[in-house]
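Hi everyone, thanks for coming. I'd like to walk you through one structure today, going from its empty spaces to its strands. Here it is on the screen.

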Amino acid sequence: MELTRLPLYVGTPEPASIPGDRSPAISVGSDLSAEEVVVAYHDRTKHHRHRYAASLGYMDWATQPDPFRRYSGTDLVRLPLPEPGRLLPYWQLYALGDMPSEPLSLESISLFFRYALSLTAWKRVDETTWSLRANPSSGNLHPTEGYAVLPAIKRLGDAPAVYHYAPKEHALERRAILDAKAWGEACALFPEGSFLVGLSSVHWREAWKYGERAFRYCQHDAGHALATLRIAAAALGWSLVLLDGISNSAIAALLGPSRDDDYGTAEREEPELLALVTPGFPSTSPRLLNGLTTGSIGAQWCGKANTLSHEHSALWPVIDEVARATRRSGSAPITEDFSAFPSQEELFGIPVRDGLLTAEKAILGRRSAVAMDGSTAISQEAFFRMLARLMPTQGGRSMPWDAIPWRPRIHLGLFVHRVEGVPRGLYALARDPDKLGALKEVMRREFRWQRLPSCPPGLPLYLLQEGDCRALAATVSCGQDIAGDGAFSMGMIADYMDSLTTYGAAFYRNLFWEAGMVGQVLYLEAEEAGIRSTGIGCYFDDLVHEVFGITSREWQSFYHFTVGGPVDDTRLTTLPAYNFEEER
Ligand SMILES: Cc1cc2nc3c(=O)[nH]c(=O)nc-3n(C[C@H](O)[C@H](O)[C@H](O)COP(=O)(O)O)c2cc1C
């Protein structure tokens, strides 16, 4: 297997679209509903074999965005770099409730951000260096910014405050000091030691390279980051739940992105999500923030955002349109019934409590493969276990699926190439067992829907069609060999139109988040299995649908992923993430 490209941080091989093939904005002069704007955006940002979604068509290096946002004029509180070598076994991340909960302190907050959003390495080739993080990102462009609203913590601050996480420094920038009484009242229902964590996206960072399709990638990245946050919380014995009822404008007011004066001409951030972190086993935490309004938290703000690019080579108005159409205006939190889901035993057999890998090695050592070796096979036990990790269990409590309240809307269409004892071919994993009938209905009539005798009873995995699908998998993934040279790859098929109808246009984002979470679990599971994986945002949407026989717009492919034996790129030098790692 030959390496054909350097994994430079703009390495995703998304071919350029034809410059100038942009159509006009979606809703100008029309009165489309938010759902119609979403559908129009999704359709026009599909990649087709002979026409990619609109982008600049070349890399404009002069306007390359800074991957690090900073707020000048804020106090920067360095987080003590946690001692490496924490012994927590990887499997224990999933054994909820078994672990004592770490008290909230500067050290535990530091570990939380270290595992969720920190730099994990610098890479160098010749004169070029770039950093990598615990959370992956399409093109390594990192549109996702992290925030936390923390109570008074010794050596961090003696009042509740809003912080921005600065990954390059592994530090928190204090953006606002909150009125302790007002904040206490807003959070009165949350358990002691709780805090909030939020994410926003800088669309420009992805749009710089990917043009109109960038909104999708920002959402994928937010989903990956939601999973890294959940997993980091699990490593500390904390739970994390998405506050899904809160509006985007409330998130923007709380975390700062709505503050026009603090941005000036700097690139704006789109508020994405807010989550509640609580100590201990997931409780029946209230998922609403009491009486949170723009003025209610009594915040004193400081800080001016840095400009990420001196100029912007192209503007993509459809991204603003779809962002507007998918803003949540505040709603009752989603509550769904998970009683029909399999138990841990039905999914895994005996509980998985072995493996030498530590959680830290999996989390900080996670890497995307830039090429797969075309030969490594995995055992069927490893394959089934990876897929079982993607399933919520009875009661909806398995990690990280306990962070989101909706039943799975993302199902898998798998291309299995090299799994011992599992025939090559196309497979389906119905992540919500109740959707099996609907999937059968929408996919090819001739598919077999056959269970494998060795498959755990609770895993809704079905053989659709036997055969060598290596070339097919690569073709649908924009011709990327990594999709055919691994052990298996997949298209993540979303229950799309029904989701929009049921939950509204804002849920378009949630579909990508869920897909990103699926990807993040697979990233870590690949580390556990001693192999690697890679997210694939570049795929030919309708060609994927054709493979599975999907002719209706109701179901759409939302993300691709590949898992297999990697080829290491020996041209790269790896440097520590932080200088102070060397100094220790
Ligand atoms: C949403 C998403 C889409 C991606 N798409 C591709 C892709 O199409 N092809 C590819 O080779 N890598 C892809 N990647 C992998 C990124 O290039 C990789 O995450 C990034 O370079 C950072 O490297 P790391 O994952 O090792 O930290 C994607 C990653 C994400 C999160």
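Let me start with a term: helices (H or I, at least four residues) and strands (E, at least two) are DSSP runs, numbered from the N terminus. What you see is a predicted model, in which local features need pLDDT of at least 70 and side-chain atom pairs count only at pLDDT 80 or more, while totals for chains, interfaces and linings use all residues. Residues are numbered from 1 along each chain as its sequence is written, and side-chain values use heavy atoms, with hydrogens and water left out.

Now to the empty spaces. Rolling a probe the size of a water molecule over the atoms shows where empty space is left. On a 1 Å grid over the protein atoms alone, a cavity is a set of points where a 1.4 Å probe fits but cannot get out; a pocket is an open set with protein on both sides within 12 Å along at least five of seven lines; and lining residues have an atom within 4 Å of a point. Grid points are joined across faces, edges and corners, and a volume is the space filled by probe spheres set on the points.

How many cavities of 30 Å³ or more does the structure hold? There are 4 of them. Let's take the second largest cavity, which has a volume of about 50 Å³. Helix H6 and strand E10 each supply at least two residues of its lining, and E10 gives the largest share, with 3 residues. Among the lining residues are Leu242, Asp244, Glu272, Arg328 and Trp513. For residue classes, Ala, Val, Leu, Ile, Met, Phe, Trp, Tyr, Cys and Pro count as nonpolar, Asp, Glu, Lys and Arg as charged, and the others, Gly among them, as polar. By that scheme, the lining of the second largest cavity divides into 7 nonpolar, 1 polar and 3 charged residues.

H6 and E10 come back in the second largest pocket, where about 560 Å³ of space lies. Of the 28 residues that line this pocket, His203, Trp204, Arg268, Glu269 and Asp320 are the closest to its centre. Helix H4 (203-210), helix H6 (248-255), strand E10 (270-279) and helix H8 (317-325) each bring at least two residues to the lining, and H8 gives the most, with 5 residues. By class, we have 13 nonpolar, 8 polar and 7 charged residues here.

Back to the largest cavity, with about 60 Å³ of space. Its lining is Leu117, Arg133, Asn135, Thr144, Glu145, Gly146, Tyr165 and Pro167. Which strand gives the largest share of that lining? Strand E5 does, with 3 residues.

So let's look at E5, residues 144-150, where 7 of its 7 residues are buried; buried means under 20% relative accessible area, exposed over 50%, and partly exposed in between (1.4 Å probe, protein chains only). Both faces are covered, with Thr144, Gly146, Ala148 and Leu150 on one side and Glu145, Tyr147 and Val149 on the other. Two strands pair if DSSP finds at least two bridges between them. E5 runs antiparallel to strand E8 (residues 195-201), joined by 6 bridges, and glutamate 145 has serine 200 in E8 as its bridge partner. With strand E6 (residues 161-166), E5 pairs in the antiparallel sense over 4 bridges, and tyrosine 147 stands opposite histidine 164 there.

Leu117, which we met in the largest cavity, belongs to helix H2 (residues 106-117). H2 is mostly covered too, with 11 of its 12 residues buried, including Phe112, Phe113 and Arg114.

Last stop, the sheets. One open sheet has 3 strands in the order E4-E3-E19, with antiparallel pairing. Strand E4 (128-133) and strand E19 (573-575) stand at its edges, each with a single partner strand, so one side of each is left without a neighbour in the sheet. Strand E3 (residues 119-125) pairs with E4 over 6 bridges, with alanine 121 opposite leucine 132.

Another open sheet has 6 strands in the order E15-E14-E13-E16-E18-E17, again with antiparallel pairing. Strand E15 (461-466) and strand E17 (532-536) are at the edges, each with a single partner strand, so one side of each lacks a neighbour in the sheet. Strand E14 (residues 425-429) and E15 pair over 5 bridges, and leucine 426 has glutamine 465 as its bridge partner in E15. Thanks for listening!

Notes: The expected span of a helix is 1.5 Å times one less than its number of residues.
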